[in-house]
Every structure is written in structure tokens, then in C-alpha cells.
Amino acid sequence: VIYSRDGGRSWGFNNDGLVNLMVLSLAWHPGTRTLFAGTLEGGVFKRKAEGPWINASKGLPEFATVQALAMDTQGNIWAGTHGKGLFGSHDQGLSWSSFPLQEDGEISVTSITHFRDKALVGTYAHGLYLAGPDKHSIESIRIP
């Protein structure tokens, strides 16, 4: 992870504690000043202000590739994985829960964005979903 503290005039690395340097996605929680990083086959890591990166993958599948991350207004974190579906954390990445997008099959979540009080979830070959903080509030969005 490369960062700048002077508006982009100079840059430095901050990878202390990252097990996997292939970072695919980032999400920022301004209230807690925590940065989350989704990695290739390494799950999620988080870093508060000036501290080191720590693993925040409890509840994610082993060797999960987290290619999409987003934060909603309530502080829930959403993680989209390659082939393992959608996961959510209500406790700043201390634990993750799976959010079922469909009954069977592998689903790759390619993008997530905050939409009203929910997460708008884009998938590879399985369409769009709207997910709320409750595990049972997943709905498929039909595009005419």
C-alpha cells in the first residue's frame, strides 16, 4: 500500500503486517480512522491510523480473494470475494458472515457500493443484488 501525507508530492510504502502484498480493494471508515484492504488469497487486513496492518479475516473462507470492499453509513463492511460470494462484518472486521446471493453455485462479487442504507452488489454473470445489514435482506435486482 502506497500513501502520501503531503497531497501527493511524496509517497511512501506502508506494508508492515500485510501477509499478502497483492491488495485488490480498499475501504475507509472515517469514524474509526481505519483502512481495510482486501487481498489476493489473503482475506482482509485492517490498519488504524498509524498502527500496523492486522489480519481481519475471521469468518471468511480460507485463502479468500477479496476483490471488492465497501462501507455503509452504519459502519458495516461488505467484502466481495472471487467465487465465494458476499460477506458482511458488523464489528469492524472482527468477524464476517456469509450473505447468500443464490441457492447454489460459486458467485464472484466484482463490485460493491453504498446505496441508501444498503449495499449494491455487482457479480460476475449473476446480476445485481441489494443487500441490507440483515442476512435475510438480500434481493435480486431485475433489469428489464
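Modeller: Ground rule for this chat: a salt bridge means a side-chain nitrogen of Lys or Arg within 4 Å of a carboxyl oxygen of Asp or Glu. This is a predicted model, so local features need pLDDT of at least 70 and side-chain atom pairs 80 or more, while totals for chains, interfaces and linings use all residues. Residues are numbered from 1 along each chain as its sequence is written, and side-chain values use heavy atoms, without hydrogens or water.

Colleague: Great, how many salt bridges does the structure hold?

Modeller: There is 1 salt bridge. Lys118 pairs with Glu139, and their closest N and O atoms are 3.9 Å apart.

Colleague: And which strands do Lys118 and Glu139 lie in?

Modeller: Lys118 belongs to strand E12 (residues 118-123) and Glu139 to strand E14 (residues 138-141), so the salt bridge ties together parts 21 residues apart in sequence. Strands are DSSP runs (E, at least two residues), numbered from the N terminus.

Colleague: Switching topic, how many aromatic pairs are there?

Modeller: The structure holds 1 aromatic pair. The ring centres of Trp78 and Phe99 are 5.0 Å apart with planes at 65°, so this pair is edge-to-face. Pairing takes Phe, Tyr or Trp (six-membered) ring centres within 6.5 Å; planes under 30 degrees apart are stacked, over 60 edge-to-face, the rest tilted.

Colleague: Where along the chain do Trp78 and Phe99 sit?

Modeller: Trp78 is in strand E8 (residues 77-81) and Phe99 in strand E10 (residues 97-99). The pair links distant parts of the chain, 21 residues apart.

Colleague: Last one: which strand is Ile2 found in?

Modeller: Ile2 sits in strand E1, which covers residues 2-3.

Conventions: Helices (H or I, at least four residues) and strands (E, at least two) are DSSP runs, numbered from the N terminus.
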